[in-house]
Amino acid sequence: MRRRGQRGDHRFSGAVLILLTTPDDTRAFGARLAKLLRPGDLIILNGPLGAGKTALTQGIGVGLGVTGDVTSPTFVISRVHRGPVPLVHVDAYRLKDFEVDDLDLDASVDESVTVVEWGHGMAERLADSYLEVLISRRDDDTREIELVAHRGDWADRLAPLLPQT
C-alpha cells in the first residue's frame with residue numbers, strides 16, 4: 001500500500017493506493033473496509049469491466065454480515081442484501097440518470113450501506129459525503145484500488161487502512 005497525489009477532499013496526504021494480486025485479496029480488502037462502514041454510507045465504485053468491483057462488494061457484504069451471495073445486479077439494477085447493516089448494491093452501468101427513489105428499494109438508504117458500481121457522475125448527489133473507489137487492473141492482473149474521500153469524516157475513518165509510518 002502506498003500513497004498517491006492529491007485528489008478529492010481528504011486530510012491524509014494524497015489518496016490511498018492499495019495493490020491486490022487476486023480476487024480473493026480484493027474480497028478480503030472489502031471485508032476490512034466494511035469494518036469502517038456504517039448505515040448511511042455511500043461507496044461509489046468505478047473501473048473497467050472485470051476490474052473487481054463486484055469482488056470488492058462481495059467482501060463488503062461478508063464484512064457487514066449480510067445473508068446470501070452478493071452477485072452483480074447488472075440485469076436487475078439493484079439488490080438489497082439483508083444483515084445487521086443491510087447492503088444496497090446498485091449497478092448504474094445501463095442507467096443514464098437515476099434517483100434512489102427510482103430504484104424501488106426494499107430498504108432505507110439511511111439505514112444501509114449503499115455501493116454503486118459505475119456511479120461516477122450520477123451517484124455523488126445521493127449523500128453529503130462519500131467514498132470513491134477507483135479500481136484498475138494491471139497487465140499482470142494486479143488490482144490497483146485508490147480510495148478517495150469526499151467530505152465528511154472519511155479521512156479519519158480510512159486511517160486504519162493507511163500504511164504505518
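In the predicted model, helix α1 comprises 12 residues, from 23 to 34. At a rise of 1.5 Å a residue, a helix of this length should span 16 Å, and the end C-alpha atoms of α1 are indeed 16 Å apart, so the expected and computed spans agree. The residues of α1 that are buried are T26, F29, G30, A31, L33 and A34. Their cover includes two helices, α2 (53–64) and α3 (154–158), together with the strands β2 (16–20), β7 (130–137) and β8 (143–150).

Helix α2 gives a similar check on its length. Its 12 residues should span 16 Å at 1.5 Å a residue, and the distance of 16 Å between its end C-alpha atoms agrees with this expectation. The helix is mostly covered, with 10 of its 12 residues buried. These buried residues are K53, T54, A55, L56, T57, G59, I60, G61, G63 and L64. Among the elements that cover them are helix α1 and the strands β3, β5 (87–91), β6, β7 and β8. Immediately after the end of α2, G65 adopts a positive phi of about 80 degrees.

The two helices belong to a protein chain that contains three helices and eight strands. Read from the N terminus, the order of these elements is β-β-α-β-α-β-β-β-β-β-α. The chain has 165 residues, of which 52% are buried. The contacts within the chain were also examined by separation in sequence. Of the contacts between residues at least 6 apart, 64% connect residues that are at least 24 apart. The exposed area of the chain is about 8,100 Å², and carbon and sulfur atoms account for 48% of this area.

In soluble globular proteins, nonpolar side chains tend to be buried together. In the present model, the largest nonpolar core has 30 residues. Within this core, the residues that touch the most other members are F29, I43, I60, V133, I145 and L147. Two or more residues are contributed to the core by each of the helices α1, α2 and α3, and likewise by the strands β2, β3 (42–46), β6 (113–117), β7 and β8. Another core, made up of eight residues, lies apart from the largest one and includes L42, I44, V116 and Y130. F29 is thus both a buried residue of α1 and one of the residues with the most contacts to other members of the largest core. I60 is a buried residue of α2 and is also listed among those residues of the core.

Aromatic side chains were considered next. The structure contains zero aromatic pairs. A charged side chain is nevertheless placed against an aromatic ring: R157 lies over the face of W154, at 4.1 Å from the ring centre.

Two loop residues have a notable backbone angle. D141, in the loop between β7 and β8, has a positive phi of about 75 degrees although this residue is not a glycine. R151, in the loop between β8 and α3, is likewise not a glycine and has a positive phi of about 60 degrees. The relative accessible area of D141 is 39%, which means that D141 is partly exposed, as this value falls between the limits of 20% and 50%. For R151 the relative accessible area is 39%, so R151 is also classed as partly exposed.

Terms used. Residues numbered from 1 in each chain as written. Predicted model: local features only at pLDDT ≥ 70, side-chain atom pairs only at ≥ 80, totals over all residues. Heavy atoms only, no water. Helix = DSSP H or I, 4+ residues; strand = E, 2+ residues; numbered from the N terminus. Expected span 1.5 Å × (residues − 1). Buried < 20%, exposed > 50% of the residue type's maximum accessible area, 1.4 Å probe, protein only. Contact = heavy atoms within 4.5 Å. Core = buried A, V, L, I, M, F, W, Y, C linked by side-chain atoms within 4.5 Å. Areas by Shrake-Rupley, 256 points an atom, 1.4 Å probe, with all protein chains shown as cover. Phe/Tyr/Trp six-rings, centres within 6.5 Å; stacked < 30°, edge-to-face > 60°. Lys NZ or Arg CZ within 6 Å of the ring centre and 35° of its normal.
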